[in-house]
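Q: Please look closely at one residue of this structure and describe its setting with care. Then lead me from that residue to the other parts of the chain, explaining each step of the reasoning.

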Amino acid sequence: MQICRHLTYVRSLSPGKAIFYYQMRDCDFVPLQLETNKIRAPKSGFTEAFDSKGKLKNISPHDLAYSNPQCIQACYVPPNISSIHCRFSLRVEANSLEPETCEDIKVKRYLTKLSHLYTQKNGYKELAIRYCRNLLIGTWLWRNNHTLGTQIEVTTSDNGHYVIADARLLSWDGEWPEQDQKTLLALSEEMEQALTNPDKYWFADVHAVLMTGFCQEIHPSQKFIERKEGEASKQYATTSCVNGEKAVCFHAEKVGAALQLIDDWWDERAYKPLRAHEYAADRKNLIARRHPINSNDFYSLLKLTAVYIRYLRSVKSADGIHPNIHYVMSILCKGGLFQRGKS
C-alpha cells in the first residue's frame, strides 16, 4: 500500500490540563500558585571560561567569581499543607477505526479493514491496558511522582470507580498485587470499549493525591518563551480560575505524552517504553529508535498494511498479534498528519 497525499487521523485520547491544588478546612480547592525569585547564581557554564573550540578565554580568576543575577519562577507546597492534589479529565473516542481524511479510496479501505480485524482479534485490549497502566502508576505526574505516597483515583462516565492506594509501589513492567491488577483490567475493559465503539462517549476523571514533604518543590509544565527584559528566565504553565487566581498545571500535551509512553516494541531488548511516535524519538539519548534505515518506522510499516491484513486473518488470539501491528495501531490512535505531501 502506498501512502497517499492526504491522510489524517484524529487522536483517540484527549486529556485536559492537569491542575495542581490543595485543600483546607474551609475550601476544597485552593489553587497552587507560583512565586518569582531573584537569585545570584554563580557563573558555571562552559562558555564562561572556554570558547566553542574548547580554548581558554582571556579571563581573570575574578571574572569567574562574579555572580550571575537571574529571575526564575518556582513552585512549592505551602507550609503546613501535607498533600497536593492533581486532577485532569480524559476523553477517549474510537477515532482510529478509519481515517478522518483520505483521498485514496483503496488506502481508506485497507486501513479500515486493518482496524476492523484488529478489533476482532482484541488488539485494542493491549493498547487499553498500556494506556491505563500509565494512568494508574502516575506516569503523567512526571517528576512529581517522587512523594511520600501517591494515591490515584479514576472515576468514569460508566460509573466506574478505581483506586490505587499507592502508585509508588507499581511499575510499568513489574508484578502488580492482585487487587491492583484487577483494577487495571477492569479500567482497561472500559477504555477498550471506548476505543472500538464509535457510538461510545467515554470520559474519565483522574485524580492524584500526593503526600508531600514540608514545602516540597512541585514541577508543573515549563513554558517555552521569548524572554523579555525583566521577565523570569524560567516560567511555569498556569491556568486561570473563575475568581481570577492562577493555578499551576500540566499542559494537556504533557499529560498526553505520558499516556502515550507505551512503545516497548521498538526492539526485542527494549529496556523502556517510548512515547508512541513515528520515528520513536528517544529524547533522553537524543536518538531515533525507529530510524527509516531499519525499516521499522511508522511510514515503512504502514506500507505493509495489506500484509498485516492477511496476517490478522490467520491470527487466532490477541497473543498472536505481531508487535509491529500494535505499534502501527498505537500511532493511528495517537493521530496526526500522515500524508506524504506534494511530490
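A: In this predicted model, Cys27 is found in strand S4, which covers residues 27-31. With a relative accessibility of 32%, Cys27 counts as partly exposed, because the value lies between the 20% limit for buried residues and the 50% limit for exposed ones. From Cys27 one may step to Ser115, which is 88 residues away along the chain; the C-alpha atoms of the two residues are separated by 47 Å.

Ser115 leads to a contact between two helices. Together with Tyr118 and Thr119 of H1, Ser115 meets Gly123, Tyr124 and Leu127 of H2. The axes of H1 and helix H2 (residues 123-136) come within 5 Å and cross at roughly 80 degrees. The two helices are therefore roughly perpendicular to each other, since angles from 65 to 115 degrees are placed in that class. The residues that form the contact of H1 with H2 divide into 3 nonpolar, 3 polar and no charged.

H2 itself may be considered next. Its 14 residues reach 21 Å from the first C-alpha to the last, close to the 20 Å expected at 1.5 Å a residue. H2 is mostly covered, with 12 of its 14 residues buried. Gly123, Tyr124 and Leu127 are among the buried residues of H2, and these three also take part in the contact with H1. Charged side chains are not absent from the buried set, which includes Arg130 and Arg133. Just after H2, Gly138 takes a positive phi of about 75 degrees.

H1 also has a second helix as a partner. Helix H1 (residues 105-120) and helix H6 (residues 305-314) pack at an angle of about 30 degrees, with their axes 9 Å apart. H1 and H6 are therefore roughly parallel to each other, because an angle under 35 degrees is counted in that way. Their crossing is left-handed. On the side of H1 the contact is made by Tyr110, Leu111, Lys113, Leu114, Leu117 and Tyr118, while H6 contributes Thr305, Ala306, Tyr308, Ile309, Leu312 and Arg313. By class, the residues of the contact of H1 with H6 divide into 9 nonpolar, 1 polar and 2 charged. Tyr118 of H1 thus appears in the contact with H6 and also in the contact with H2.

Two further helices allow a similar check of length. The 19 residues of helix H3 (residues 178-196) should span 27 Å at 1.5 Å a residue, and the end C-alpha atoms are 27 Å apart, which agrees. The buried residues of H3 include Leu184, Leu187, Met191 and Leu195, and also Asp180, Glu190 and Glu192. For the 12 residues of helix H7 (residues 323-334), a span of 16 Å is expected at 1.5 Å a residue; the end C-alpha atoms are 17 Å apart, which agrees. H7 is mostly covered, for 11 of its 12 residues are buried. Among them are Ile325, His326, Tyr327, Val328 and Lys334. H7 is followed by Gly335, whose phi is positive, near 80 degrees.

The loops complete the tour. His219 has its place in the loop between strand S11 (202-211) and strand S12 (238-240). His219 is buried, with a relative accessible area of 14%, because this falls under the 20% limit. Leaving aside its neighbours within four places in sequence, His219 is in contact with Arg143, Asn144, Tyr236 and Phe250.

Two other loop residues draw attention through their backbone angle. Most residues other than glycine have a negative phi. Ala280, however, has a positive phi of about 50 degrees although it is not a glycine. Leu286 likewise is a residue other than glycine with a positive phi, near 50 degrees. Ala280 lies in the loop between strand S15 (274-275) and strand S16 (281-282), whereas Leu286 lies in the loop between S16 and strand S17 (287-288). Their surroundings contrast: Ala280 is buried, at a relative accessible area of 0%, but Leu286 counts as exposed at 76% relative accessibility.

Finally, these parts may be set within the whole chain. The protein chain has 7 helices and 18 strands, and its C-alpha trace spans about 70 × 60 × 40 Å along its principal axes. Of the 343 residues in the chain, 46% are buried. Among the contacts with a separation of 6 or more, 71% are between residues 24 or more positions apart.

Conventions
Residues are numbered from 1 along each chain as its sequence is written. Side-chain values use heavy atoms; hydrogens and water are left out. Axes are lines fitted to C-alpha atoms, for helices over the stretch in contact, and angles run from 0 to 180 degrees between N-to-C directions. Helices (H or I, at least four residues) and strands (E, at least two) are DSSP runs, numbered from the N terminus. Angles under 35 degrees count as roughly parallel, over 145 as roughly antiparallel, 65 to 115 as roughly perpendicular and the rest as oblique. A crossing is left-handed if the near helix is turned anticlockwise from the far one by less than a right angle, and right-handed if clockwise. Contact means heavy atoms within 4.5 Å. Ala, Val, Leu, Ile, Met, Phe, Trp, Tyr, Cys and Pro count as nonpolar, Asp, Glu, Lys and Arg as charged, and the others, Gly among them, as polar. The expected span of a helix is 1.5 Å times one less than its number of residues. Buried means under 20% relative accessible area, exposed over 50%, partly exposed in between (1.4 Å probe, protein chains only).
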